[in-house]
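Got the viewer open? Load the model, switch to cartoon, and keep the selection box handy.

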Amino acid sequence: MAAQMQRAVLAGGCFWGMQDLIRRHPGVTATRVGYTGGDVPNATYRNHGTHAEAIEILFDPEQTDFRAILELFFQIHDPSTRNRQGNDIGLSYRSAIYYVDDEQKRIAEDTIADVDASGLWPGKVVTEVEPVGPFWEAEPEHQDYLERYPEGYTCHFPRPGWRLPARAEG
């Protein structure tokens, strides 16, 4: 019997680039982009208030885990810039992990501590860690955007050789 899919919700700047790279991770079975973490019900691209552009990820825990997804997340965006990724500036482009349970919260906090200890980014992590709330799916033109427009805009890139070490136990 196959394991039940698990869910992760992450925000790290423009959702197009996040979706394009995370969907390729082994064990990720589905992704969709949308808005979460804010104040507007039924958020849309033109009216999403204080929501972040985010990605909802379904993954098979027999093939990957939440930690591996977070390691990719921290590799493809700069978690040390507040409310900004590349040329995208504003609250919509903040870095955030929206955990679905206490175990995800623990893993998120531990991974952030590892990122901070690693020195791989120029500053300390400013990624928010908050409980997941409503996720408002973005309009169809935003779903799978870089698959339809491969030369489209993105500020997310895999960084060759980037590996997150675990902190030394002290």
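Select helix 1 (15-22) and show its side chains: eight of its eight residues are buried, so the helix is mostly covered. Buried here means under 20% relative accessible area, while exposed is over 50% and partly exposed is in between, with a 1.4 Å probe and protein chains only. Helices (H or I, at least four residues) and strands (E, at least two) are DSSP runs, numbered from the N terminus. The buried set runs through Phe15, Trp16, Gly17, Met18, Gln19, Asp20, Leu21 and Ile22. What do they pack against? Light up strand 1, strand 2, strand 3, helix 2 and helix 4 (145-148); a contact means heavy atoms within 4.5 Å.

Before going on, a word on what you're looking at: this is a predicted model, where local features need pLDDT of at least 70, side-chain atom pairs count only at pLDDT 80 or more, and totals for chains, interfaces and linings use all residues. Residues are numbered from 1 along each chain as its sequence is written, and side-chain values use heavy atoms, with hydrogens and water left out.

**Just before the helix**

Step back to Cys14, in the loop between strand 1 and helix 1. UniProt lists Cys14 under "active site" in an unreviewed entry; its positions are given in the numbering used here, feature names are shortened, and annotations may be inferred rather than shown by experiment. Cysteine 14 has a relative accessible area of 5%, so it is buried. Show its neighbours too: leaving out residues up to four places away in sequence, Cys14 touches Glu53, Asp88, Tyr93 and His156.

**Helix 2**

Now pick helix 2 (66-76). Nine of its 11 residues are buried, so the rest of the structure largely encloses it. Colour those nine: Phe66, Arg67, Ile69, Leu70, Leu72, Phe73, Phe74, Gln75 and Ile76. Their packing partners are strand 1, helix 1, strand 2, strand 3, strand 6 (95-99) and helix 3.

Zoom in on Phe74. Not counting residues up to four places away in sequence, phenylalanine 74 touches Pro79, Ile97, Thr111, Ile112, Val115, Trp121, Val125, Thr127 and Trp162.

**The cores**

Which residues touch the most other members of the largest nonpolar core? Out of 25 residues, select Leu10, Ile22, Ile57, Phe66, Leu70, Phe74 and Ile97. (A nonpolar core is a set of buried Ala, Val, Leu, Ile, Met, Phe, Trp, Tyr and Cys residues joined through side-chain atoms within 4.5 Å.) At least two core residues each come from strand 1 (6-12), helix 1, strand 3 (52-59), helix 2 and helix 3 (102-118). Helix 2 is the top contributor, giving seven residues. There is also a second, separate core of nine residues, among them Phe15, Trp16, Tyr35 and Ala43.

**Ala8 and His48**

Head to Ala8 in strand 1. Its relative accessibility is 0%, so alanine 8 counts as buried. Leaving out residues up to four places away in sequence, Ala8 touches Ile55, Glu56, Ile57, Phe59, Phe66 and Gln104. Try a distance label from Ala8 to Ile69: these two sit 61 residues apart along the chain, yet their C-alpha atoms are separated by 8.5 Å.

Next, click His48, in the loop between strand 2 (28-36) and strand 3. Buried or exposed? At 12% relative accessibility, histidine 48 counts as buried. Its side chain reaches the backbone oxygen of Thr44 at 3.2 Å. Beyond residues up to four places away in sequence, His48 touches Tyr35, Val40, Ala43 and Ser92.

**Zoom out**

Back to the whole chain: count four helices and eight strands, running β-α-β-β-α-β-β-β-α-β-β-α from the N terminus. The radius of gyration over C-alpha atoms is 15 Å, close to the 15 Å of the globule rule for 170 residues, so the protein is as compact as a globular protein of that length; the rule is 2.2 Å times the number of residues to the power 0.38. Along its principal axes, the C-alpha trace spans about 50 × 45 × 35 Å. Buried residues make up 48% of the 170. Of contacts with a separation of 6 or more, 78% link residues 24 or more positions apart.

Last selection: residues 8-155, where UniProt (unreviewed entry) places "domain: Peptide methionine sulphoxide reductase MsrA". That span is 27% helix and 25% strand, and its end C-alpha atoms lie 21 Å apart.

How values were computed:
A polar contact is a pair of N or O atoms within 3.5 Å; within protein, one must be able to donate a hydrogen and the other to accept it, and residues adjacent in sequence count only if both atoms are side-chain atoms.
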